[in-house]
Amino acid sequence: MAQDMEKTNEFKKGLEGVVAGDSRICLVNGEEGKLYYRGYRIEDLAQNCSFEEVAYLMLYSKLPNKKELAKFSKGLAKARKLPKEVIKIIKLKAKSANSMEVLRTAVSALAANQPEVDKLTKDEQIGAGISLIAKMPVIIAFCNRLKKDMEIVKPDPKLGHAANFLYMLYGRTPSETETKGMDMDFVLHAEHSFNASTFSVRITVSTLSDMYSAFTTGIGVLKGPLHGGAAQEVGAMMLDIKNPANTDGYINNILSQHGKVMGFGHRIYKTYDPRARILNGMARKMSEEKKDMAWYDIAQKIERIMQEKKNLYPNVDFYSAIVYKQLGIEMEMNPAIFAIGRSAGWVAHVMEQYGDNRLIRPLDNYIGDIGLKFVPIDSRK
Ligand SMILES: CC(C)(COP(=O)(O)OP(=O)(O)OC[C@H]1O[C@@H](n2cnc3c(N)ncnc32)[C@H](O)[C@@H]1OP(=O)(O)O)[C@@H](O)C(=O)NCCC(=O)NCCS
């Protein structure tokens, strides 16, 4: 006779509010809408630092001086070269798979070029991390050009991380505003404590698996529309709304059906996401410069409705969708752009987990049957 198990343990659905470990990397203050990377205010870093400086901060727990930054940036630029087999994989899949799928497969394949991937020293692990941070934008840019039947553009070692990425996409040197917009977006996506993809990265290396496996997991988790895929959904929503005059009807329709408006709400922020505030400014500047205000005007209206009706604020993905549009980045690529930024945080979390590791293995609350009578296969109905 089947028997139902009583619920034995209290648990929090979605692990809401559950503390899963100590960390020195990032503080998210959801009540006050504040964010710090290794103690530094996100506003200071976003306005004043390149992605390379923030990646250095993530990996070495300090902001680099000029000499350290020059050496680090040179190392990143040198590590951009992709192995031939990985280029082949990108060519094979660029047309049939989306950017995140190509990225996940190419990153996984990169492990084959790392000798003794399971026996790396701490410095070699960081080296593998730097190599991944450097190569991810190249994979995504190559994939994008191939999707459009265009020649791939090889990286330019004279250009920084953000400028080089845009150069590989556009086939021309980007403007100062374009470079700053991209750089700022990478900085704002670089880290965000134990979010779903970062936590999955930590779970992966808690088994003492390697950096490449961690990144492959992280990319897979980031791909979902409730995480890194939200900016793409925001873009699709903007296209649907088309004209600011249609905004009220469109959003009210979603809300009346208890649907979700993408780019709003957050598990931790109960007020304005500070990253969204910074990107709001950048989205506005870029839209004004391009004299293309439609999406920005729609966004302002959505923000007002969501605040009034749901008391919900925009998250990082809301205004980044507009920044990507103004950068000429196709919506399909949006989650992959998020991954480029987040790669720096993933390396920091892998190293922190290795540094004080214990296998991450929670319990479940079993609510299924027990003691069922076994029936041989020939007698089953
Ligand atoms: C980010 C997110 C997944 C957080 O989820 P969560 O903490 O599990 O919160 P829930 O999904 O349980 O939402 C709690 C309540 O707020 C509502 N809500 C949350 N986000 C909403 C949104 N974007 N639009 C409309 N309602 C929303 C839910 O419907 C729910 O209402 P209910 O209690 O009446 O059922 C969620 O806000 C969401 O799906 N947002 C849209 C996707 C997105 O922008 N993701 C990027 C995150 S950076």
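How much area is buried between domain 1 and domain 2, and what share of that area do carbon and sulfur atoms give? In this predicted model, the buried area is about 2300 Å². Carbon and sulfur atoms give 68% of that area. An interface is often sized in this way, by the accessible area lost when the parts come together.

The two domains divide the protein chain unevenly in layout. Domain 1 is made of two stretches, 26-226 and 330-355. Domain 2 covers 230-326. The C-alpha centres of domain 1 and domain 2 lie 25 Å apart. Domain 1 gives 30 residues to the contact, and domain 2 gives 29 residues.

Polar links also join the two parts. Between domain 1 and domain 2, 4 residue pairs are in polar contact, with both residues of a pair at pLDDT 80 or more. The count of salt bridges between domain 1 and domain 2 is 1. One salt bridge in the model pairs the side chains of Glu178 and Lys290, with 3.6 Å from N to O. Glu178 falls in the 26-226 stretch of domain 1, and Lys290 falls within domain 2.

The ligand is the next topic. A set of 17 residues surrounds the ligand. The closest are Lys260, Val261, Gly263, Phe264 and Arg267. These five numbers lie within the 230-326 range of domain 2. By class, the shell holds 7 nonpolar, 6 polar and 4 charged residues.

Several polar atoms of the protein approach the ligand. Lys260 places a polar side-chain atom 2.5 Å from a ligand oxygen atom. Asn315 also faces an oxygen atom of the ligand, with a side-chain N or O atom at 2.9 Å. Phe264 uses its backbone instead: one of its backbone N or O atoms lies 2.8 Å from a ligand nitrogen atom. Taken alone, the ligand exposes 860 Å². The protein buries 65% of that area.

Notes: Residues numbered from 1 in each chain as written. Predicted model: local features only at pLDDT ≥ 70, side-chain atom pairs only at ≥ 80, totals over all residues. Heavy atoms only, no water. Near = heavy atom within 4 Å. Polar contact = N/O pair within 3.5 Å; in protein donor to acceptor, adjacent residues only side chain to side chain. Areas by Shrake-Rupley, 256 points an atom, 1.4 Å probe, with all protein chains shown as cover. Nonpolar A, V, L, I, M, F, W, Y, C, P; charged D, E, K, R; others polar. Domains from an automatic or database assignment. Contact = heavy atoms within 4.5 Å. Buried area = accessible area lost by both parts, 1.4 Å probe. Salt bridge = Lys/Arg side-chain N within 4 Å of Asp/Glu carboxyl O.
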